[in-house]
Amino acid sequence: MSTEKIVWQTLSQEQQTQALARPAMADSASLTAQVADIIAKVKAGGDQALLDLTAKFDGVSLASLQVTPAQVAAAKASLSTKRLKAIETAYGQIMRFHQAQQPKDVHVETMPGVNCTLKTEAIESVGLYIPAGSAPLPSTVLMLGVPAKIAGCDRTVLVCPPNKQGELAPEILAAADLCEIDEIYTVGGAQAVAALALGTESIKAVNKVFGPGNSYVTEAKTQLSQQVPGFAIDMPAGPSEVLVLADSTAEPAFIAADLLSQAEHGADSQVILLSDSQAIIDAVDIELDQQLALLSRKEIAAKALAQSRLILTTDLAQAVAVSNLYGPEHLIVQTQSPQEILPKLRNAGSIFVGKYTPESAGDYASGTNHVLPTYGYSKVISSLSLADFSRRFTVQELTRDGLASLAECIIELTDAEGLDAHQRAVTIRLEEQEGK
């Protein structure tokens with residue numbers, strides 16, 4: 001077992017910073033150049049570039065990019081009743097939680113005759129990126145498709161890398177059908193994001209793209225959001241991560257299972273245990289060894305564990321402080337009185353409270369969204385929600401009396417800022433009214 005054990009109190013400030021360092025991202029200069037080249041190819045070549053890049057990176061030659069309704073129907077028919085039922089159950093859970101998030105317009109008469117409204121409107125067109133590297137992710141289809149449907153986006157476009165047969169997993173297509181996705185394309189990677197941002201002959205550009213992906217996808221989202229006017233992304237993303245905060249009453253087997261469930265995502269995933277109990281840390285270390293040996297993806301999980309930490313703190317207060325400093329994507333709390341420390345936990349993408357709340361519940365079917373900020377961005381960016389599929393804007397309407405009431409304030413402030421035209425836009429209206 002190669003997971004590092006650390007006693008937090010014995011570390012210098014520099015060592016503490018290093019102990020919470022994330023795994024190094026890919027060579028940024030090389031990655032930036034490669035993604036820029038892919039974007040340029042899609043911009044110049046359109047559909048043909050997508051087909052060529054799919055052949056190069058995915059090893060499959062496609063006759064067409066778009067999935068047909070007949071293919072979706074065949075995919076659904078190929079699934080067992082049990083598998084379809086699971087997808088439908090998760091869909092219902094996610095639907096219930098996100099439906100409760102629907103906003104209402106806010107109207108305030110800030111003073112007589114001055115009416116201000118905050119309105120919410122769905123983003124017109126959205127792209128949903130679904131990873132399919134080592135395994136298909138129908139759960140991500142639901143996490144993105146359900147809020148897009150509830151928000152009322154006019155057009156939803158799903159992109160996903162094809163398998164070696166040039167197809168998408170039937171579970172992905174079944175989930176997309178439930179969410180009433182308008183268009184589905186068998187293309188992934190940076191080239192898919194480029195198509196969504198720039199548009200091609202087959203894929204019309206969208207306003208915003210959602211969904212996790214590898215370093216190439218993340219880099220493409222970043223570059224294109226800076227290059228294409230009116231194109232936005234959901235959030236920055238890095239490798240998956242989980243932090244478990246536990247005391248002496250926690251169940252070591254549960255903790256190890258939670259750590260491994262995140263470690264199996266990828267070799268660059270990071271898992272951390274914070275505990276004020278040395279006995280728990282030692283027991284979890286043993287459990288990790290035993291459970292790791294049973295995993296089908298144990299080689300991947302083992303690599304993730306090599307850059308993970310088991311950290312002993314002096315007490316739970318210190319553990320909370322370290323967790324807030326790290327700002328994990330997923331935070332699991334297994335303590336005797338979790339509700340007591342919950343108000344003190346500030347920085348996390350999603351929090352899982354109690355011994356019977358595994359991170360897997362949120363990943364699939366509790367109802368919350370599993371698209372979360374990573375790499376410390378949970379300190380400033382929220383977990384994905386219905387609000388991300390809408391834009392908010394304000395409306396104001398003033399009567400003559402309302403404008404007259406505000407005129408002195410506006411005139412004084414425009415005078416202070418030296419903006420004569422702003423001032424004149426007010427006074428000319430009042431003068432015009434007086435002249436009639």
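## A tour from strand 6 to helix 9

Begin by selecting Leu158 and Ile184, for Leu158 stands opposite Ile184 in strand 6. This is a predicted model, and the tour should be read with that in mind. Widen the selection to strand 5 (residues 155-159) and strand 6, and you will have two strands that run parallel and are joined by three bridges.

Next, bring in the rest of the sheet to which these strands belong: an open sheet of five strands in the order 6-5-4-7-8, with parallel pairing. Strand 6 (183-185) and strand 8 (232-233) stand at its edges, and each has a single partner strand, so one side of each is left without a neighbour in the sheet.

Now move to strand 11 (residues 309-312), where Arg309 and Ile311 point one way while Leu310 and Leu312 point the other way, and where all of these residues are buried. Which strands pair with strand 11? Strand 1 (residues 4-7) pairs with strand 11 in the parallel sense over four bridges, and to see one place where they meet, select Val7 together with its bridge partner in strand 11, Leu312. Strand 10 likewise pairs with strand 11 in the parallel sense over four bridges, and here the residues to select are Leu273 and Leu310, which stand opposite each other.

From there, select helix 11 (residues 298-305) and colour Ala301, Ala304 and Leu305, which are buried. These residues cover an arc of only 100° around the axis, which puts them on the same side of helix 11. An α-helix has 3.6 residues a turn, so residues three or four places apart point the same way. Turn the view to the face of helix 11 that looks away from its buried side, and you will find the exposed residues Glu299 and Lys303. What do the buried residues of helix 11 pack against? Their partners are helix 9 (252-263), strand 10 (270-275) and helix 10 (278-292).

Follow helix 9 to Gln262, which has its place in that helix. Is Gln262 buried or exposed? With a relative accessible area of 0%, Gln262 is buried. Leaving aside neighbours within four places in sequence, Gln262 is in contact with several residues, among them Ser240, Glu241, Val271, His330 and Glu359.

Finish on the surface by selecting Val106, Val108 and Leu118, which form a nonpolar patch with about 210 Å² of accessible area together. Leu118 lies in strand 3 (residues 114-122), and at 34% relative accessibility Leu118 counts as partly exposed.

Notes
Residues numbered from 1 in each chain as written. Predicted model: local features only at pLDDT ≥ 70, side-chain atom pairs only at ≥ 80, totals over all residues. Heavy atoms only, no water. Buried < 20%, exposed > 50% of the residue type's maximum accessible area, 1.4 Å probe, protein only. Arc of directions from axis to C-beta. Contact = heavy atoms within 4.5 Å. Pairing = 2+ DSSP bridges. Patch = residues over 30% accessible without salt bridge, like charges linked within 9 Å, V, L, I, M, F, W, Y side chains within 5 Å. Areas by Shrake-Rupley, 256 points an atom, 1.4 Å probe, with all protein chains shown as cover. Salt bridge = Lys/Arg side-chain N within 4 Å of Asp/Glu carboxyl O.
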